Amino acid sequence: MDKSAARKEILNKLKNLDNIEDVQYLYNQLFETDEWINASSVGVTLSTDIEIDTNPIIEMALSQNKKVYVPKVISKSDMDFIEYNEETELFVNKMGISEPLDGPKVDINDIDLLIVPGMAFDMANNNRLGYGGGYYDRVLVDYPGNTIALADRIRMYEKSIWKVDDFDQQVETIIHPDFK
């Protein structure tokens, strides 16, 4: 199945999702990983309605005195990571995603842990289906830090139902409801 058809199918499932039980489990598992415990900085998106809520992740990171960085789109092909805290002013971009108005940016390679968003993930190869902009595929190409994705039951597949391209980047760890 091509990516656009897969996105459409998955999006329809996500619109009626009740995943509160899954999500609390995912948070608990994330906060117990060595990658989380050892990270002094975390890169994470400001989630939209169809994504797993990242506010609890951001709140936990800030409460543990970790630096938090969120993406800001700067062109059709690039995004920066900007430091985020309670005083950060946000705006909603043309894609409907909250971003920081401004703030100190950081080199992506200086972030210890990236929580990588996605519409779907596969357990066979840790592939991810993004939202179609390729931003994270470009960021992850040379990223030396740890990458983790959170996937509830709707987002998790045994193997990809979408076409995986050569430029698609995998995630190191996918925390999902059957994660041990």
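Two strands count as paired if DSSP finds at least two bridges between them. Keep that in mind for the opening stop of this tour, and remember throughout that you are looking at a predicted model.

**Stop 1: a small sheet**

Select residues 120-122, which make up strand β8, and then add β9, residues 128-129. These two strands run antiparallel to each other and are joined by two bridges. Zoom in on A120 and you will find L129 of β9 opposite it. Now bring in β11, residues 156-157. Together the three strands make an open sheet with the order β9-β8-β11 and mixed pairing. Which strands are at the edges? They are β9 and β11, each of which pairs on one side only.

**Stop 2: the largest nonpolar core**

Next, show the side chains of L30, W36, I57, I115 and L150. These residues have the most contacts inside the largest nonpolar core, which has 22 residues. To see where the core comes from, colour α2 (20-32), α4 (55-63), β2 (67-73), β7 (113-115) and β10 (146-150); each of them supplies at least two of its residues. Which element gives the most? That is α2, with five residues.

Stay with I115 for a moment. Setting aside residues up to four places away in sequence, I115 touches L30, V42, G43, V44, I57 and I148. A second core, separate from this one, has 19 residues, including M79, V106, V116 and Y135. As background, nonpolar side chains in soluble globular proteins tend to be buried together.

**Stop 3: T54 in its loop**

Now pick T54, in the loop that runs between β1 (41-43) and α4. Is T54 buried or exposed? T54 is buried, because its relative accessible area is 6%, and the cut-off for buried is under 20%. Beyond its neighbours within four places in sequence, T54 is in contact with V44, T45, L46 and S47.

**Stop 4: the largest pocket**

Finish by selecting I97, Y131, G133, Y135 and Y136, which of the 29 lining residues lie nearest the centre of the largest pocket. The space in this pocket comes to about 570 Å³. Elements giving two or more residues to the lining are α1 (3-14), β2, β5 (98-100), β9 and α5 (135-140). Of these, α5 contributes the largest share, three residues. If you colour the lining by class, you will see 14 nonpolar, eight polar and seven charged residues. Y135 links two stops, since this residue is part of the second core and is also among those nearest the pocket centre.

Conventions. Residues numbered from 1 in each chain as written. Predicted model: local features only at pLDDT ≥ 70, side-chain atom pairs only at ≥ 80, totals over all residues. Heavy atoms only, no water. Core = buried A, V, L, I, M, F, W, Y, C linked by side-chain atoms within 4.5 Å. Buried < 20%, exposed > 50% of the residue type's maximum accessible area, 1.4 Å probe, protein only. Helix = DSSP H or I, 4+ residues; strand = E, 2+ residues; numbered from the N terminus. Contact = heavy atoms within 4.5 Å. 1 Å grid on protein atoms, 1.4 Å probe; cavity = no way out; pocket = protein on both sides within 12 Å on 5 of 7 lines; lining within 4 Å. Points joined across faces, edges and corners; volume = space filled by probe spheres on them. Nonpolar A, V, L, I, M, F, W, Y, C, P; charged D, E, K, R; others polar.
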